[in-house]
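User: Could you take a close look at how the helices pack in this one? I'd like a connected walk through it, and a word on the cysteines too.

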Amino acid sequence: MKFGTKAIHAGITPDPTTGAIMTPIYQTSTYVQVSPGDHKGYEYSRTHNPTRTALQNNLAALENGLYGLCFASGMGATDTLLKLLKPGDEVISTNDLYGGTYRIFTKVYEGFGIKFHFVAMDEVKNLESVISDKTKMIWIETPTNPLLNIIDIKAICKLAKSKNILTVVDNTFATPYIQTPLDLGADIVAHSVTKYLSGHSDVVMGAIIVNDKKLHDQLAFLQNACGNVPGPQDCFLVLRGIKTLHLRMKAHIENAARVAEYLLTHPKIDKVYYPGIPTHKNHAIAKEQMKGFGGMVSFTMKGDDLKDSIRVLEKFKLFSLAESLGGVESLCGHPASMTHASIPKAEREKAGLKDSLVRLSVGVEDIEDIIADLEQALEN
Ligand SMILES: *Cc1c(COP(=O)(O)O)cnc(C)c1O
């Protein structure tokens with residue numbers, strides 16, 4: 001099956017009792033047993049729920065994986081993955097990553113004796129000096145947030161495999177429409193389903209997809225034992241959103257390319273961060289591992305004056321100033337004070353994240369209206 005067909009059909013069968021074409025919202029906590037232990041595969045909804053099962057199977061198919069697991073949020077998925085580790089273990093992560101991921105690493109799991117190294121992973125050689133026998137996990141986010149650097153998934157997974165280190169790819173920004181990390185050698189794909197997968201800014205959810213049965217069983221144990229699960233109503237909404245994932249991504253990709261093109265020639269713009277630009281440092285890898293360059297574009301303004309950027313953010317009419325990304329509507333954000341405020345300023349600057357950087361999640365509105373909004377916001 002091709003991607004669009006999978007988005008609509010994979011893991012989903014009409015309801016066996018009524019023929020309902022849409023997966024019902026099984027709003028139930030428990031399931032009746034005929035005799036102790038004699039049941040239809042469902043005992044309690046923390047462990048299994050049919051609406052969640054359909055979504056988990058659909059996500060697994062989209063990522064070309066065998067097993068999917070859903071969680072109450074993207075951070076819930078991250079938390080579950082970190083529980084695979086033990087005190088003394090070390091993790092190598094990219095230095096330009098989602099602020100909440102940085103926060104759970106440094107403010108929660110460091111306290112449990114796990115050590116995190118942050119390196120610029122767009123140069124594979126940067127990992128070599130920090131890898132040791134203690135390294136148990138490599139955490140990749142690509143494109144990175146908010147600087148949209150591209151990391152060579154295949155090269156890093158190859159290095160990790162040779163040393164028996166688990167690789168996780170946070171595929172939130174790209175989505176499986178653009179790249180499928182399991183095909184590039186990753187062990188685990190993680191998602192904030194909240195963003196493009198759900199796509200309509202109405203759900204908070206996370207997911208993990210793997211191919212290895214033992215790893216799945218360990219993660220499913222943690223999902224049930226720690227109870228970090230989404231409810232059936234949210235699973236239904238995401239199943240509904242995913243049916244148009246391929247259509248939405250195509251439109252996001254086209255619109256973001258036009259926005260990047262417009263910003264590149266604008267006299268007030270200093271730097272445009274977008275992997276589709278031929279001069280982008282890792283454009284060649286982006287072209288190789290991605291089917292499109294995504295819907296996110298970041299920029300800084302000439303003079304690098306924070307006040308200029310704030311004025312632009314305030315003047316946007318179509319772009320709403322809000323956290324999050326990946327919904328059908330265009331959003332703008334200020335990473336230094338919003339999504340990445342939990343990363344200390346010195347760390348942010350070391351990673352190249354300027355305080356004046358503006359991040360755009362380009363929606364699927366008509367491109368003429370999107371460009372017109374940029375034009376009026378950038379006008380003095
Ligand atoms: C939003 C986000 C997360 C966290 O997901 P939540 O659903 O908000 O908990 C993790 N990684 C990336 C790249 C994100 O954008």
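Analyst: Helix 10 and helix 14 run roughly parallel to each other, since their axes cross at roughly 30° and anything under 35 degrees counts as roughly parallel. This is a predicted model, by the way. The axes of helix 10 (residues 245–264) and helix 14 (residues 367–378) come within 10 Å, and the crossing is right-handed. From helix 10, the contact is made by Asn255, Arg258, Val259, Tyr262 and Leu263. Helix 14 brings Ile367, Ile370, Ile371, Leu374, Glu375 and Leu378 to that contact. As background, an α-helix has 3.6 residues a turn, so residues three or four places apart point the same way.

Helix 10 also has helix 9 to deal with: the buried residues of helix 9 pack against helix 10, and against helix 1 and helix 2 as well. Helix 9 spans residues 232–242, and its buried residues are Pro232, Cys235, Phe236, Val238, Leu239, Gly241 and Ile242.

Two of those names, Leu239 and Ile242, turn up again around Asn58, a residue of helix 2. Asn58 has 0% relative accessibility, so it counts as buried. Beyond its neighbours within four places in sequence, Asn58 touches Lys6, Ala7, Ala10, Gly11 and Ile12 along with that pair. The Lys6 contact is worth a zoom: the side chain of Asn58 reaches the backbone oxygen of Lys6 at 3.2 Å.

Now for the stretch that links those two elements. Val34 sits in the loop between helix 1 (3–9) and helix 2 (50–62). Unlike buried Asn58, Val34 counts as exposed because its relative accessibility is 68%. Try drawing a line from Val34 to Ala60: the two are 26 residues apart in sequence, and their C-alpha atoms are 32 Å apart in space.

On to the cysteines. A disulfide is a covalent bond between the sulfur atoms of two cysteines. Searching the whole structure turns up zero disulfides. Cys226 is in none, and the nearest cysteine sulfur to it, that of Cys70, is 16 Å away; the cut-off for a disulfide is 2.5 Å. With 41% relative accessibility, Cys226 counts as partly exposed. Cys157, on the other hand, is at 2% and therefore counts as buried. Cys235 of helix 9 is also among the buried residues.

Definitions and conventions: Residues are numbered from 1 along each chain as its sequence is written. This is a predicted model: local features need pLDDT of at least 70, side-chain atom pairs count only at pLDDT 80 or more; totals for chains, interfaces and linings use all residues. Side-chain values use heavy atoms; hydrogens and water are left out. Helices (H or I, at least four residues) and strands (E, at least two) are DSSP runs, numbered from the N terminus. Buried means under 20% relative accessible area, exposed over 50%, partly exposed in between (1.4 Å probe, protein chains only). A polar contact is a pair of N or O atoms within 3.5 Å; within protein, one must be able to donate a hydrogen and the other to accept it, and residues adjacent in sequence count only if both atoms are side-chain atoms. Contact means heavy atoms within 4.5 Å. Axes are lines fitted to C-alpha atoms, for helices over the stretch in contact, and angles run from 0 to 180 degrees between N-to-C directions. Angles under 35 degrees count as roughly parallel, over 145 as roughly antiparallel, 65 to 115 as roughly perpendicular and the rest as oblique. A crossing is left-handed if the near helix is turned anticlockwise from the far one by less than a right angle, and right-handed if clockwise.
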